[in-house]
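Welcome, and thank you for taking a look at this one. Here are some notes to read alongside the picture, taken point by point.

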2 protein chains.
Amino acid sequence: MREPHHDTSSPKPAPKAVVGRLSLYLRQLESFGRQGRETVSSSQLGQALGLNDAQVRKDLAYFGQFGQPGLGYRIDDLVVEIRGILGVDRDWPTALIGLGNLGRALLGYKGFRLRRFRVVSLFDNDPRKQGHAFDGLPVRHTDELPAAVADEGLRLAMICVPADAAQRVADQVVSAGIRGILNFAPTSLFVPPEVSVVAVDLSVQLEHLAYSVHNLHGSGATDDVSAAG
Amino acid sequence: MREPHHDTSSPKPAPKAVVGRLSLYLRQLESFGRQGRETVSSSQLGQALGLNDAQVRKDLAYFGQFGQPGLGYRIDDLVVEIRGILGVDRDWPTALIGLGNLGRALLGYKGFRLRRFRVVSLFDNDPRKQGHAFDGLPVRHTDELPAAVADEGLRLAMICVPADAAQRVADQVVSAGIRGILNFAPTSLFVPPEVSVVAVDLSVQLEHLAYSVHNLHGSGATDDVSAAG
DNA sequence: TAGATTGTTAATCGATTAACAATC
DNA sequence: TAGATTGTTAATCGATTAACAATC
């Protein structure tokens, strides 16, 4: 550092646990907003989510100074800020790959639309599924992924195929230019570093629940795992 | 401690991150087993999951000494051990509450059956759903939860109702005697300490993906979040 | 035996919580 | 102003990684 008083170093990147909590803050703030509240303090926000007030302030401070000493945070403003940070202030055209039980269910899940994740393109390599349409969208072969990325501006993909097909599909998705994968298949995916993968593993979560009930019941520890529901 | 050479202190409880990885080890070991392999070293197991070898050994050591120096771990034996630790070596009779899109999908999801989570009882307080059956199971009112717990030995519940009904349903579930909740509703649940809650929040996970693609793309960081899919 | 690999201790790294001056 | 609350530094806590003697 050449000039000690001009801090040109980039700010610390936020740990991923912080990003997860940011989603929870957003949801709680939206709820407070619907109730007509205008401001909230870090301790009030923390209490609603079971978190420490210092943690709320520190998490938000990774991204900027959004509060006013003595007053707290203006709810509407903070909602706008967090939406921008998370990137949910715009549409995310998304491909859904694999139209088994889980894939078809996700297609109907309203929670995605609410956050502007738009499933605009369906893929399944089972010939019996091709030609069919779900929700008005035709089912295509994954060979058509590159064309769909170009035509529809796809940016994310949800992979809902069986485990033994998941890595192959992931490779296709990546080479088609998609940069974010939500993986519902029960297997680890290996992708290049410029691609992000979020794993949604229902079995892992159910097993965690079984473990807690089996081993911890009565021990007194509330075991609220991962991002609160 | 009165007798320094007789360590009567209880072993350290495993952090929940360890329990999550235990599920991943189990799945990978089962896969190795299907391939006909007999033993695996901590570094081989770690590599298949993108984890450090020391972490694999340390995680397993929370629960006992399962390996042999120079040889590694016997796959079949370790599978049996981990199943026992997680509690997935027995059936888990489970209630499914809320039969919207997501609830009906979960009912058909094969991954649960594979791990011996049996959905044996359905609940929904929408009068239009009552009398209907899904998968051969009748839909009942949540008022009947206590009777179902007694009759069917229910131990877990999956809550798939809208956010504004989730806490009310959780209270009913808890007072009916259920000790473990898988919460799919997008809201935090508050329960007594002897009840475990695992939150499955698809929006939080999708938002994390949006954040990574939006802010980190090209930065070189693989961002494999939570338990690998 | 020599080579491989464990279980465990020590070192490192990162995340959470406490404390408090600055500020509205 | 007095009371409340932030942003941030320091202290604590916990989790990961490195190192290595013990062991097969």
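1. A word on terms before we begin: contact here means heavy atoms within 4.5 Å, and a residue is called buried when its relative accessible area is under 20%. Please also keep in mind that this is a predicted model.

2. Let's start inside chain A, with helix 2, which spans residues 42–49. Which residues of this helix are buried? They are Ser42(A), Leu45(A), Gly46(A), Ala48(A) and Leu49(A). These residues cover an arc of only 160 degrees around the axis, so they sit on the same side of helix 2 of chain A.

3. What do those buried residues pack against? Their partners, all in chain A, are helix 1 (16–34), strand 1 (39–40), helix 3 and strand 3. Just after helix 2 of chain A comes Gly50(A), which has a positive phi, near 75 degrees.

4. Now for the two protein chains together. A turn of 180 degrees, with a shift of 0.0 Å along the axis, lays chain A on chain B with an RMSD of 0.0 Å. The two copies are therefore related as by a two-fold rotation axis. Within chain A, Ala105(A) has the C-alpha nearest that axis, at 2.6 Å. Both copies use the same surface, since 100% of the contact residues of chain A recur in chain B.

5. Next comes DNA strand D, which has 23 residues around it. The ones that come nearest are Ser42(A), Arg57(A), Gly67(A), Tyr73(A) and Arg21(B). Of the strand D atoms that come within 4 Å of the protein, 66% belong to sugar and phosphate. You have met Ser42(A) already, as one of the buried residues of helix 2.

6. Some individual polar contacts to DNA strand D are worth finding on screen. An N or O atom in the side chain of Ser42(A) is 2.7 Å from a phosphate oxygen of this strand. Arg21(B) also points to a phosphate oxygen of strand D, with a polar side-chain atom 3.0 Å from it. At Gly70(A), a polar backbone atom is 3.0 Å from a sugar or linking oxygen of strand D.

7. Which elements give two or more residues to the surface near DNA strand D? From chain A they are helix 3 (53–61), strand 2 (67–68) and strand 3 (72–74), and from chain B helix 3 (53–61). Helix 3 of chain B provides the largest share, four residues. By type, the residues of this surface are seven nonpolar, eleven polar and five charged.

8. Turn to DNA strand C, again with 23 residues around it. Nearest are Arg21(A), Ser42(B), Arg57(B), Gly67(B) and Tyr73(B). Sugar and phosphate make up 66% of the strand C atoms within 4 Å of the protein. Helix 3 of chain A gives the most to the surface near this strand, with four residues, while helix 3, strand 2 and strand 3 of chain B each supply at least two.

9. Three polar contacts to DNA strand C round off the tour. Arg57(B) reaches a base, with a polar side-chain atom 2.9 Å from a base nitrogen of the strand. The side chain of Gln65(B) has an N or O atom 3.1 Å from a sugar or linking oxygen of strand C. On the other chain, a polar side-chain atom of Asn52(A) lies 3.3 Å from a phosphate oxygen of strand C.

Note on methods:
Residues numbered from 1 in each chain as written. Chains lettered and ligands numbered in written order. Predicted model: local features only at pLDDT ≥ 70, side-chain atom pairs only at ≥ 80, totals over all residues. Heavy atoms only, no water. Near = heavy atom within 4 Å. Polar contact = N/O pair within 3.5 Å; in protein donor to acceptor, adjacent residues only side chain to side chain. Nonpolar A, V, L, I, M, F, W, Y, C, P; charged D, E, K, R; others polar. Buried < 20%, exposed > 50% of the residue type's maximum accessible area, 1.4 Å probe, protein only. Arc of directions from axis to C-beta. Least-squares fit on C-alpha atoms with pLDDT ≥ 70 in both.
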